Amino acid sequence: LPAGASLTHVLCTHKHWDHAGGNVELRRGARGKLEIVGSLLDNPHGTTLAVKHGDRLVVGKMQIEVLHSPGHTAGHVIYKVTSALGADPSGMKGALFTGDALFMGGVGSFLEGDCSDLYQLYTLLHGLKGDYYVFCGHEYTLRLSTYALYRDPHNSLLRELLKEYRNRRENGQCSVPSTLRAELSTNMFLTLDRAWL
């Protein structure tokens, strides 16, 4: 953290150890009070503030809305984070922290859900107004986007993005973040209206 900054909140998307396993240790090492925010349904390890769909938090100048996104786990949530200052200079309204619900080019395994949960995710994300950065929980972008292009070979935006993602990875950078607008146009699980996929 930058000098003078302190960690006050951890936004935990779901209960799996690779997302919640260090919560207690983070609290022990924190300077001051640290809230571990997690889904009431999932109850991730170390949760101190249980939330549900539609709950809102204010942290500094950030407004955080909880969006229930079941499927990977029954209580998985996405955090929609916006600034009280409005959109950034590029026009982004904020960020979505999607954990294992939404990846760049795909979605997480539906370990505790079914296709109705996938449709709920589709509806939820298509219902958001404006564009957001998308921060997912794992670096599966090249594999998922390559397969998505195989399924949708005429998608020029996906072809362009895949080239950019490869370039980032070859240069030792993360492919993340994406944008919601890009995912709605290229992610095969969010383009269900294109039946031929």
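## Two packed helices

Contact here means heavy atoms within 4.5 Å of each other. In this predicted model, such contacts join helix H4 to helix H5: Thr 141, Leu 142, Ser 145, Thr 146, Ala 148 and Leu 149 of H4 meet Leu 158, Arg 159, Leu 162, Tyr 165, Arg 166 and Arg 169 of H5. Sorted by character, the residues of this contact comprise 6 nonpolar, 3 polar and 3 charged ones.

Two packed helices are described by the angle between their axes and the distance between those axes. For H4, which spans residues 141-151, and H5, which spans residues 156-170, the angle is about 155° and the axes lie 10 Å apart. Because angles over 145 degrees count as roughly antiparallel, H4 and H5 are therefore roughly antiparallel to each other, and H4 passes H5 in a left-handed crossing.

## The open sheet

Six strands form an open sheet with mixed pairing, in the order E4-E5-E6-E7-E10-E11. Strand E4 and strand E11 (178-179) are its edge strands, each pairing on one side only.

## The two edges

At one edge, E4 (residues 56-59) has a covered face made up of Leu 57 and Val 59, and an uncovered face with Arg 56 and Val 58. E4 pairs with strand E5 (residues 62-68) in the antiparallel sense over 4 bridges, and Arg 56 has Glu 65 in E5 as its bridge partner. The hairpin of E4 and E5 has 2 residues between the strands, and Gly 60 takes a positive phi near 60° there.

At the other edge, strand E10 (residues 133-136) and E11 pair in the antiparallel sense over 2 bridges, with Ser 178 in E11 as the bridge partner of Val 134.

Key:
Residues numbered from 1 in each chain as written. Predicted model: local features only at pLDDT ≥ 70, side-chain atom pairs only at ≥ 80, totals over all residues. Heavy atoms only, no water. Axes fitted to C-alpha atoms, helices over the stretch in contact; angles between N-to-C directions. Parallel < 35°, antiparallel > 145°, perpendicular 65-115°, else oblique. Left-handed = near helix turned anticlockwise from the far one by under 90°. Nonpolar A, V, L, I, M, F, W, Y, C, P; charged D, E, K, R; others polar. Buried < 20%, exposed > 50% of the residue type's maximum accessible area, 1.4 Å probe, protein only. Pairing = 2+ DSSP bridges.
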